[in-house]
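Subject: Structure for your files

Hello,

Here is the structure I said I would pass on. My notes on it follow below.

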Amino acid sequence: MAQIPASAAQGGTRGGGIEQNFATSLTAVPSEPLTVSGAFYVPVYSSVSMAHGKLRADFSVTLSVHNASETRALVLKRIVYFDTSGKAVEGYLKSPIALKPFSTIEVFVPTTDVRGGTGANFVVEWAATGELAEPVVEALMIGGIGAGSYAFISQGRPIRMVGKN
């Protein structure tokens with residue numbers, strides 16, 4: 001897959017990148033070989049059609065990646081945001097980062113950023129130096145239309161190959 005350049009203004013609500021905004025959640029990337037790896041697909045919705053397609057509600061999206069291991073660092077190799085047509089919209093890492101045990105990072109997409117559309121998604125690729133608890137990856141969408149407010153969560157799903165054995 002093509003790499004997307006990481007933008008300067010991303011990775012949280014505070015304005016800087018993930019490395020800056022979540023410095024206390026990060027540790028050095030391990031020098032040992034990364035022997036375990038995986039990826040998550042997280043469906044998100046920067047916009048939702050309502051009222052038979054006549055109205056559109058726009059949502060902010062907060063992607064959270066949790067290291068569920070109590071003892072091992074989790075290396076995040078890639079976080080990419082895709083639009084409804086599958087086009088990569090934005091990459092969020094300049095290089096791999098490592099999360100401390102039980103720590104979390106976030107990526108925030110504001111309500112005004114509707115590039116993702118109704119079928120947006122994130123792909124999060126991770127690795128570790130050995131066996132660890134599977135990471136937890138989910139997204140929180142918050143938005144509204146008129147006087148109504150909505151909030152919902154979308155859980156990441158491990159990307160696994162299926163088909164012929």
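Contact here means heavy atoms within 4.5 Å. By that criterion, residues 24 or more positions apart account for 75% of the contacts in the protein with a separation of 6 or more.

Please note that this is a predicted model, in which local features need pLDDT of at least 70 and side-chain atom pairs count only at pLDDT 80 or more, while totals for chains, interfaces and linings use all residues. Numbering starts from 1 along each chain as its sequence is written, and side-chain values use heavy atoms, with hydrogens and water left out.

Overall fold

The protein has one helix and twelve strands (DSSP runs numbered from the N terminus: helices are H or I of at least four residues, strands are E of at least two). The helix comes before the strands in the sequence pattern, α-β-β-β-β-β-β-β-β-β-β-β-β. The radius of gyration is 16 Å, close to the 15 Å that the globule rule gives for 165 residues, so the protein is as compact as a globular protein of that length (the radius is taken over C-alpha atoms; the rule is 2.2 Å times the number of residues to the power 0.38). Of the 165 residues, 43% count as buried (buried is under 20% relative accessible area, exposed over 50%, partly exposed in between, with a 1.4 Å probe and protein chains only).

Core

The largest nonpolar core has 32 residues, and Leu 63, Leu 76, Ile 79 and Phe 122 have the most contacts inside it. Such a core is a set of buried Ala, Val, Leu, Ile, Met, Phe, Trp, Tyr and Cys residues joined through side-chain atoms within 4.5 Å. Strands that each supply at least two of its residues include β2 (36-43), β5 (74-82) and β9 (121-128); β4 gives the most, with five. Beyond its neighbours within four places in sequence, Ile 79 is in contact with residues including Leu 63, Tyr 92, Val 107 and Phe 122.

Salt bridges

There are five salt bridges in the whole structure (a side-chain nitrogen of Lys or Arg within 4 Å of a carboxyl oxygen of Asp or Glu). One of them joins Glu 125 and Arg 78 at 3.2 Å, N to O. This pair links distant parts of the chain, with Glu 125 in strand β9 and Arg 78 in strand β5, 47 residues apart. Arg 78 is buried at 7% relative accessible area, whereas Glu 125 is partly exposed at 26%. Asp 113 and Arg 115 also pair, at 2.8 Å, and with Glu 90 they are linked in a network of salt bridges.

Regards
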